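Here is a note to read alongside the structure. Please keep the model open and find each residue as it comes up.

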Amino acid sequence: MFSLPEKYSIKMKALLGEDGFKKYIESFSVKPLTAIRINTAKTSLQDWDKICPFDTEKVPWCDNGFIINNASKAEISKHPYYFAGLYYIQEPSAMLPASILPIGKGDKVLDLCAAPGGKSVAIASKLNGSGLLIANDISVSRTAALVKNLQVAGAFNTIVTAETPGRLSLHFKEYFDKILLDVPCSGEGMFRRKPDMVKDWLDKGPLYYAEIQKDILDKAYNMLKPGGSLVYSTCTFSIEEDEGMIQWFTDTYKDMEICSVPFKEGFSPGRPDMLIYGSSGLKNCIRIFPHIANGEGHFAALLKKRGGHATPDNNTSHICKPLYRQGKKSHNKKDKTDNNWQEEIKEFIPEHYFKNYYPVKHNDTIQLIHAEMPETRLLRVMQNGLLAGYAKKHFEPSCQLALAAMPYSYKNSLDLPSSDINIVKYLKGETINIDTSYNGWVLVKVDGFPLGWGKADGHGRLKNKYNAGWRML
């Protein structure tokens, strides 16, 4: 076992006591857990229980979270159900923040520090196609994984941005019903799983991240509606970044109050006693310690902004108005695809969806945009709505469209059991042999759940159209 910095050990002894610190140190010899969170936008927990291929144990604080006892992360990530977006692999304690954010149907939700996307996928699952999720990460490179994870999960009522909190706050004044802040932190709670994080702790430490966290909280406050809820979370034990930050936030913004959360197995209460002037409400914060709960270290607090419904600011009210409309036919004679795609797309998407969603063509890509998506032209947008397909000589549906959580069944569907070798071949991008009755586009499914598309030649061969960047290695 690697040695912890002496300064850190002194702080943890003060937080846990001698006996608690001893048990904490002993937990480093225990192998970290692997867990999955079921995507309830695609399957119910009852139906999942019937097909679950793993030996599982419930995560106490997440209704759809399960610890896997009989498979490695590599094995779980190669199962066809993973490619179908039925579950997301996530460390148990990381499931806490999204699980305590009280999301309702139709909510506008912001995940401000979203990459790689685990919490965004959880939020999208809760929204189940209603409302709007804006998932943001300041790093453009990190948003690549965020976009992919949302697409595989079938989320289509989403916008992915790569902006600073300050830039977002200028556009979305008191706009969001719910905000999740899983902020950058010193990472003390991850030392067991990622020992390399100790070096970052030595180089920067809690006070470095505390200043970043204050700025994020400040900007998030401006974007939260009166009456809205906010979850602040870290994967650190540092009092300065946890209870100290919540105390600063509620002292600075008097209309923010700490809410109680149902106490679950494995939870430890907040520690106001570790602050000189810690308010009693800090006991409602949640701590997870690896020697007490089945998970790594985590901290979370649920807060609410008092007041009624917000009145949109005159300078930003335009963002709440519908922006997108059905595209007009192009008069460019060179663009022959405009004669086909607007009609051909209806073969793949039920007509009633066009009451709320509009296909928008950009170059040769077709995005499916919600009618009430906000104005985003001044923001760095990485993904808006759903990538429905491509306007080439004829419309070609995307893998993302197949995975989208839409209640439809394409006329030509090839449904294979997860044990079928052709499923593995398909996910590897290979051509597979099928019944000669198939001709044209075919929706490939595993146990009834869409994976992607193929194109049958009418002679028993299915040309693979699975997303090349997502193939099973």
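1. Start with a term. Two strands count as paired if DSSP finds at least two bridges between them. Keep in mind that this is a predicted model.

2. Now apply the term. Strand 20 and strand 23 (residues 461-464) pair in the antiparallel sense, over 2 bridges. One contact to look up is N433, whose bridge partner in strand 23 is R461. In general, strands of a sheet pair through backbone hydrogen bonds, either parallel or antiparallel.

3. Next, place that pair in its sheet. The sheet is open, has 5 strands and shows mixed pairing. Its strand order is 19-21-22-23-20. Which strands stand at the edges? They are strand 19 (413-416) and strand 20 (432-433). Each has a single partner strand, so one side of each is left without a neighbour in the sheet.

4. Turn to strand 3 (residues 65-68). Strand 1 (residues 35-38) pairs with strand 3 in the antiparallel sense, over 3 bridges. Strand 2 (residues 56-58) also pairs with strand 3 in the antiparallel sense, over 3 bridges. Strand 2 and strand 3 form a hairpin, with 6 residues between them. Look at I67 in strand 3: A35 stands opposite I67, and E57 stands opposite I67 as well.

5. Are the faces of strand 3 covered or open? Both faces are covered. G65 and I67 are buried on one side, F66 and I68 on the other. The background rule is that side chains in a regular strand alternate between the two faces of the sheet. F66 has one further contact to check: K58 lies over the face of its ring, at 5.6 Å from the ring centre. Elsewhere, K392 lies over the face of Y390, at 5.6 Å from the ring centre.

6. Now the aromatic rings. The count comes to 30 aromatic pairs. Take Y82 and Y87 as one example. Their ring centres are 5.9 Å apart and their planes stand at 40°, so the pair is tilted. Y82 is partly exposed, with a relative accessible area of 24%. Y87 is buried, with a relative accessible area of 4%. Ring pairs also link W48, F54, Y81, Y82, F83 and Y87 into a cluster.

7. A second ring pair is F348 with W453. Their ring centres are 5.4 Å apart and their planes stand at 85°, so the pair is edge-to-face. This pair links distant parts of the chain, 105 residues apart. F348 sits in the loop between helix 12 (341-344) and strand 14 (357-362). W453 belongs to strand 22 (residues 449-457). How accessible is each? F348 has 2% relative accessibility and counts as buried. W453 has 0% and also counts as buried.

8. Look next at helix 6. Of its 10 residues, 9 are buried, so helix 6 is largely enclosed by the rest of the structure. The buried residues in helix 6 are G118, K119, S120, V121, A122, I123, A124, S125 and L127. After helix 6 comes N128, whose phi is positive, near 50°.

9. Helix 6 also helps to line the largest pocket. About 1,400 Å³ of space lies in this pocket. Its lining has 46 residues, and A115, P116, R142, D182 and K194 lie nearest its centre. Five elements give two or more residues each: strand 4 (87-89), helix 6 (118-127), helix 7 (143-152), helix 9 (197-203) and helix 10 (206-223). Helix 10 provides the largest share, 4 residues. By class, the lining has 23 nonpolar, 11 polar and 12 charged residues.

10. Finish with the enclosed space. How many cavities of 30 Å³ or more does a search of the whole structure find? The search finds 1. About 90 Å³ of space lies in the largest cavity. This cavity is lined by 13 residues, and A41, A124, A153, G154 and A155 lie nearest its centre. Its lining has 7 nonpolar, 6 polar and no charged residues. One name should be familiar: A124 is among the buried residues of helix 6.

Methods
Residues numbered from 1 in each chain as written. Predicted model: local features only at pLDDT ≥ 70, side-chain atom pairs only at ≥ 80, totals over all residues. Heavy atoms only, no water. 1 Å grid on protein atoms, 1.4 Å probe; cavity = no way out; pocket = protein on both sides within 12 Å on 5 of 7 lines; lining within 4 Å. Points joined across faces, edges and corners; volume = space filled by probe spheres on them. Nonpolar A, V, L, I, M, F, W, Y, C, P; charged D, E, K, R; others polar. Phe/Tyr/Trp six-rings, centres within 6.5 Å; stacked < 30°, edge-to-face > 60°. Buried < 20%, exposed > 50% of the residue type's maximum accessible area, 1.4 Å probe, protein only. Lys NZ or Arg CZ within 6 Å of the ring centre and 35° of its normal.
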